[in-house]
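Got your viewer open? Let's take a short walk through some charged side chains, one selection at a time.

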Amino acid sequence: MYEERFDKRKFDELRPMEAETGIIPNAKGSARFKIGNTEAIAAVYGPEEVKPRHIEKVNKGIIVCKYDMLPFSVPDRARPGMDRRDIEISQVITNALNRAVILEEMPRAMVNVRIYITQADAGTRCASLTAASMACADAGLPMRDLVAAVAAGKIGDSICLDLTKEEEDFHEGGATDVPIALLPSKNEIVLLQLDGKVTREELKKVIEMGKKGAMEIYELEKAALKRRFLNESKS
Ligand code: CDP
């Protein structure tokens, strides 16, 4: 049984969040997204010439995305270089961004997205995707929508939003983690993964809770982008 959350949050409550864009002057677009003790920064380069040339697409652009945990982001220093987990996360983030960015408007071009986790306390792929989509918007890429992402899941018998690492590791009754990413204005899910066990009915509730959480994150993302462009038009 998991009746009260370790950090006293309500079961459908997100951790405190921060979002800002334009944090890296030398990138075309950039953003930072923090949720609880998980923080991701993203930098976008391009659209630019495709290298290596043979991966170029005549009718559309391509996104190359790399997710990286900085060594000091976790209690046991993360090993530098891409491991299988980093490759998987980079791929699912790329798949989601491919739905958000209108690639058809960037033929023969390439966009590089670099994501760094400075602090990890679960939910890093979702925080990365949220930061990356804000960075793409900050870079002025043509987009269908921002991506808002958060994990929901089950701890013991309780359906929960935005699990911490401590909650993910809760063994009594087991924890289930379901990262969900949404194009909110289209109500389109662009990432959905499942780690653990749930019934069909529980999964429906988890997805509903995740979508509601994503809508809150969406508002924060939009506010961060508005702040940036209002400040720019003043200066
Ligand atoms: O981060 P996310 O929940 O998207 O992916 P995960 O593979 O389920 O990882 C869950 C959490 O495990 C991470 O957010 C980190 O807090 C932690 N982790 C770690 O401590 N050391 C690693 N090398 C990888 C993950």
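Before we click on anything, one term: a residue counts as buried when its relative accessible area is under 20%, as exposed when it is over 50%, and as partly exposed in between. Keep in mind too that this is a predicted model.

Start by selecting R9. Is R9 buried or exposed? Its relative accessibility is 8%, so R9 counts as buried. Now add D7 to your selection: R9 and D7 form a salt bridge, and their closest N and O atoms sit 2.9 Å apart. D7 has a relative accessible area of 36%, so this residue is partly exposed.

Keep those two on screen and bring in R5, D121, R15, D162 and E167. Salt bridges with shared partners join these residues, along with R9 and D7, into one network.

Next, zoom in on one pair from that group, R5 and E167. They form a salt bridge too, with 2.8 Å between the closest N and O atoms. Look at where each partner sits: R5 is in the segment before β1 (17–21), while E167 belongs to helix α3 (residues 165–168). The two are 162 residues apart, so to speak, a link between distant parts of the chain. Both R5 and E167 are buried.

For a last stop, select K8 and E4. Their side chains meet in a salt bridge at 3.9 Å, N to O. Here both K8 and E4 are exposed.

Want to keep exploring? How many salt bridges does the structure hold? There are 22.

How values were computed:
Residues numbered from 1 in each chain as written. Predicted model: local features only at pLDDT ≥ 70, side-chain atom pairs only at ≥ 80, totals over all residues. Heavy atoms only, no water. Salt bridge = Lys/Arg side-chain N within 4 Å of Asp/Glu carboxyl O. Buried < 20%, exposed > 50% of the residue type's maximum accessible area, 1.4 Å probe, protein only. Helix = DSSP H or I, 4+ residues; strand = E, 2+ residues; numbered from the N terminus.
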